[in-house]
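Biologist: Hi, I'm new to this one. Could you walk me through it?

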Amino acid sequence: MGRVGSGQKCHGQVVKNGVDGVLHVGNSLMHFYSFCGFIGLGRKVFDEMPQIDVVSWNSIVNGYVKMGELVVARELFDAMPYRNLVGWNVMMNGYLNSNNPGKCLKLFREMAQSGVNGNDGTIVIALTACARSARMKEGKSVHRCVIKASKDMNLITSTTLIHMYSRCGREEIARLVFDRISVKNIVCWNAMILGYFIHGNPKDGLNLYSDLLSSRSEGPDEITFVGILCACAREGLLTEARKHFGEMSDVFGIKPSFAHYWCMANLLAKFGLMQEAIETLKNIPVESNLPLESSLWSELLGSAHFRGDVILGDK
């Protein structure tokens, strides 16, 4: 019958036994329909509930957020007679995931003005929004709030701060945050390494990668090598890129993905090794979970045309 069919059967039993007016039962039904993508049915349950509480409001708002219907979600959020932190986080995260960090931060400011104290999740959402919109001033303000609230930041918050400062071009501040983390995992290592590779000095990133290997506390992962190969491409380090690309599988047992093959092909193209670049792209595994974006192909082919190898570029 499937999950939805089974749920609807349970709904029928709820109505048959006359418990559809029970608050917790109604909330569960609404959550079920929203989770399964049937927001219309979830809304019908919500509208017909004789009694609703803050859980009911949060559930229906979250349902519309998950469906990407943020206008309706915001209308319901504004209509809530009482908002708790869960509701604020759900709405802010909805804006963030829909690539609207400005509205996310505006809501964060409204929350603060309403006297609602955020939690670690709120801080991560706000800092991520600052990073995506490169709002350095507001990011520093959030950072000050974190310092004021607690002397010790957790790993997730610290990692998000590293990302935010790096994205805003202040990798030196990101490095200060990184150095203060007592127990580092590969996620925070990657945040700082990629911060150097993408927004700062790639050579600093390669040096930090060496520190990662020396620490022996964490091993590099797939994301680490994307950054390394991109850094080698930016610096024109073909020999080093070949070495790292080989070490991925031979030393660390990491299977290259589309991103790694693309970085190598792009670097080979920069050196005019177009035939080898094409052969590299042909080696991309069929089961690669990343799509062959047309923009990536066009950049490689553009390199071929730029170097005068029109026939190879057309191929």
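**A first walk through the model**

Modeller: Let's begin in a loop: N99 sits between α6 (85-97) and α7. Helices here are DSSP runs of H or I with at least four residues, strands are runs of E with at least two, and both are numbered from the N terminus.

Biologist: Is N99 buried or exposed?

Modeller: N99 is exposed, because its relative accessible area is 61% and the cut-off for exposed is over 50% (buried is under 20%, partly exposed is in between, with a 1.4 Å probe and protein chains only). Its phi is near 65°, which is a positive value in a residue other than glycine.

Biologist: Where else is there a positive phi in a residue other than glycine?

Modeller: At A134, where phi is near 55°. A134 belongs to the loop between α8 and α9, and it counts as partly exposed because its relative accessible area is 48%.

Biologist: What kind of model is this?

Modeller: A predicted one: local features need pLDDT of at least 70 and side-chain atom pairs count only at pLDDT 80 or more, while totals for chains, interfaces and linings use all residues. Residues are numbered from 1 along each chain as its sequence is written, and side-chain values use heavy atoms, with hydrogens and water left out.

Biologist: What is the mean pLDDT of the chain?

Modeller: The mean is 85, and 84% of the residues reach 70 or more. pLDDT is the predictor's confidence in each residue, from 0 to 100.

Biologist: Which elements have the lowest and highest mean pLDDT?

Modeller: Helix α18 (residues 294-306) has the lowest, 46, and α5 has the highest, 97. Across residues 290-308 the pLDDT is below 50, and that stretch has 30 contacts in the model beyond near neighbours in sequence. A contact means heavy atoms within 4.5 Å.

Biologist: OK, zooming out. How many helices and strands are there?

Modeller: The chain has 19 helices and 0 strands. Of its 315 residues, 44% are buried. Among contacts with a separation of 6 or more, 58% are between residues 24 or more positions apart.

Biologist: Which residues touch the most others in the largest nonpolar core?

Modeller: V61 and M91 do, in a core of 86 residues. Helix α12 (residues 186-199) supplies the largest share of this core, 9 residues. Such a core is a set of buried Ala, Val, Leu, Ile, Met, Phe, Trp, Tyr and Cys residues joined through side-chain atoms within 4.5 Å. In soluble globular proteins, nonpolar side chains tend to be buried together.

Biologist: And what does M91 touch?

Modeller: Leaving out residues up to four places away in sequence, M91 touches V61, V65, L70, A73, R74, F77 and L107.

Biologist: Switching to holes. How much space lies in the largest pocket?

Modeller: About 460 Å³. A pocket is an open set of points on a 1 Å grid over the protein atoms alone, with protein on both sides within 12 Å along at least five of seven lines; a cavity is a set where a 1.4 Å probe fits but cannot get out, and lining residues have an atom within 4 Å of a point. Grid points are joined across faces, edges and corners, and a volume is the space filled by probe spheres set on the points.

Biologist: What lines that pocket?

Modeller: There are 22 lining residues, and G118, I123, C145, V146 and A149 lie nearest the centre of the pocket. The elements giving two or more residues to this lining are α7 (101-113), α8 (120-132) and α9 (136-149), with α9 giving the largest share, 6 residues.

Biologist: Any closed holes too? What is the volume of the largest cavity?

Modeller: The largest cavity has a volume of about 40 Å³, and the count comes to 1 cavity of 30 Å³ or more. H31, S34, F35, S59, N62, G63 and K66 line the largest cavity, and α4 gives the most to that lining, with 4 residues.

Biologist: Back to α9 for a second. Is E138 buried or exposed?

Modeller: E138, which is in helix α9, is buried, because its relative accessible area is 17%. Not counting residues up to four places away in sequence, E138 touches L105, R109 and C130.
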